[in-house]
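User: I want the reasoning behind each label, not just the label. Set each value against its cut-off, then conclude.

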Amino acid sequence: MKHSKLILFLLLPLMGGTMSPIAAQSNVELDRAVKSVSNEECMKHATIAVSVYNISRGRTVYGHNAQSSMIPASMHKIYTTAIAFDQLGPDFRFKTSIGYDGTIDDNGTLNGNVYIVGGGDPLLGSYRYRQTTPDSVFRSWYAALHQSGIHKITGQVCYIQSIYDNLELHDSWQWGDIGNYYGAGACGLNFHENMYFVYFNAGMRLGYPASLDHTDPRITTMRNINEVSTGPEGTGDKVVIYGAPNSPMRLYRGTVPIGARNFAVRGALPNPAATCAETFATYLRQQGISVAATVKEANSLPPSGKIVLDYVSTPYSILAQYINRTSNNIYAESVFKYLGYHRYGKGSFANAAKAIHDFFRNHSLDDSGIQIADGCGLSRSNLTTSDFTCRFLTEVSNMIIYEDFVKTMAVAGKSGTARNMLTSLPQGITMYVKSGTMEGVKAYCGYVTTSRGEQLCFCVMSNNHTCTSAVVTKKLERILNQIALLY
């Protein structure tokens, strides 16, 4: 009889909707919520997967479609961020080096080139933080060259981004995503979060054309095709940008609200590394240092080259908070590719995916049914199961990296992407959440400390629902609420 109960317990994670004998009364309510949501009109053709694991007791609590491989969207970032804590460490910093080749004569003329050696830093030139803006970064680069005695440059500003491969975007990313800021890929030399602002002025009436005013940074080679019109007041940014990496063409479609002036829309830079070099060359001229009008890409610093500055990023522990709390894609992709570089000597989607799977296997996590395409979750080729997600979160909870990792997650009802979720949770219950959203996909995972002090991890995913993101969020919150009330 004892053996029969043990076998039944081990099978529970595989039995969709079957409750374990643990916390049976609470599970009745959870199971009722899962079935109720599954039967609603816009969920009838969807797949919902739910897994809950009691970390404190080392037991599976609940499973529904727990072995179904599903698209996780941005929830996928938990693998990138947690494994980077393990492989790189919380104090890791990206490094961008400034150097030169040739000789400096007595008049301070550099008879040679200046080099920007990219190290994958996603915050380089970011507009979000005072210490990372282009002016702040370039000021330190200029100072290093000036202190080296350089007052004039006969050559060019060269950029090197060979730490990563030249495949900026994953093949499976969608055309409607990749011209927009959230669809910008990671380069060996990132700049301005690999995005630019394009500013529109709305027309005087609904449906009238909206004019394109300017872009920032200014990109002289860009060819803009503007089909944006004027939409109703208060409708916000409804513009979709179409364009491929290294292509100067950008097509704008959609609407900006009536009455808007200098209305900012964010797009993906065609060539971030070249833009970085061009903008730095302009900065040098503004400081009185002449330099060639053109920039060029180089594969490496020449053997005779000298490094005058190693510019380092903010620590990874801080960067990871931005990745998980605000779900920043370019940050996640940069870390993902660096994992491939760190382990295999070249940052690529393939090498990074191998590094992720290496971690799974080294920690005895059966990754059958799991597919890793990118680091941010933008690809629909990413697949995971709710059961695997809980096993992964449980493994992380037992590692030294756990305290750093859990701090990166949003807190339900309080912070990040979960600020407006589950705001009525009872006092004493804390839920850490990483969410994921794309068309037809909604996913949540994380940790919850119950009112009795027990720690659970959970994963809730829905694929192929037909309701809006806002509607499905409310439906899945009913399931999350019951998970928080277990025990």
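**Pockets**

User: How do the residues lining the second largest pocket divide by type?

Analyst: Five are nonpolar, six polar and four charged. The classes are fixed lists: Ala, Val, Leu, Ile, Met, Phe, Trp, Tyr, Cys and Pro are nonpolar, Asp, Glu, Lys and Arg are charged, and the others, Gly among them, are polar. One caution first: this model is predicted, with local features needing pLDDT of at least 70 and side-chain atom pairs pLDDT 80 or more, while totals for chains, interfaces and linings use all residues. Residues are numbered from 1 along each chain as its sequence is written, and side-chain values use heavy atoms, without hydrogens and water.

User: What makes a space a pocket, and what makes a residue part of its lining?

Analyst: On a 1 Å grid over the protein atoms alone, where a 1.4 Å probe fits, a pocket is an open set of points with protein on both sides within 12 Å along at least five of seven lines; a lining residue has an atom within 4 Å of a point. For the second largest pocket, 15 residues line the space, and Asp216, Pro217, Arg218, Thr279 and Thr282 lie nearest its centre. Two elements give two or more residues to this lining: helix H4 (134-147) and helix H6 (272-286). H6 gives the most, six.

User: How big is the largest pocket, and what lines it?

Analyst: Its volume is about 1,000 Å³. Volume here is the space filled by probe spheres set on grid points joined across faces, edges and corners. The lining has 38 residues, with Tyr181, Tyr182, Ser327, Asn329 and Thr437 closest to the centre. Strand S19 (430-438) and helix H12 (469-484) are among the elements that give two or more residues. S19 gives the most, with five. By type, the lining holds 13 nonpolar, 15 polar and 10 charged residues.

User: How do you know what counts as a helix or a strand?

Analyst: Both are DSSP runs numbered from the N terminus: H or I over at least four residues for a helix, E over at least two for a strand. Ile48, for one, sits in strand S2 (residues 47-54).

**Burial and backbone**

User: Why is Ile48 called buried?

Analyst: Its relative accessible area is 3%. Buried means under 20%, exposed over 50%, and partly exposed in between (1.4 Å probe, protein chains only). So Ile48 is buried. Its contacts (heavy atoms within 4.5 Å) include Val37, Met43, Asn65, Met461 and Ile479. Asn65 is 17 residues away in sequence, with 6.9 Å between the C-alpha atoms.

User: What makes Asn246 and Ser364 stand out in backbone and exposure?

Analyst: Phi is near 65 degrees in Asn246, a positive value in a residue other than glycine. Ser364 has a positive phi as well, near 55 degrees. Asn246 lies in the loop between S13 and strand S14 (249-257), and Ser364 in the loop between helix H9 (349-362) and helix H10 (386-397). Relative accessible area is 56% for Asn246, so Asn246 is exposed. At 67%, Ser364 is exposed too.

User: Is the peptide bond from Asp216 to Pro217 cis or trans?

Analyst: Cis: omega is near 0 degrees. Pro217 is in the loop between strand S11 (211-216) and strand S12 (223-231).

**Charged pairs**

User: What makes Glu40 and Arg478 a salt bridge?

Analyst: The N to O distance is 2.8 Å. The rule asks for a side-chain nitrogen of Lys or Arg within 4 Å of a carboxyl oxygen of Asp or Glu, so the pair qualifies. Glu40 lies in the loop between H2 and S2 and Arg478 in helix H12, so the bridge ties together parts 438 residues apart in sequence. Across the whole structure there are 12 salt bridges.

User: Why does Glu168 have no salt bridge?

Analyst: The nearest side chain of opposite charge, Arg250, is 7.2 Å away. Lys and Arg count as positive, Asp and Glu as negative; His and the chain ends are not counted. Because the limit is 4 Å, Glu168 and Arg250 do not pair. Glu168 is nevertheless buried.

Definitions and conventions:
Lists of a residue's contacts leave out its neighbours within four places in sequence.
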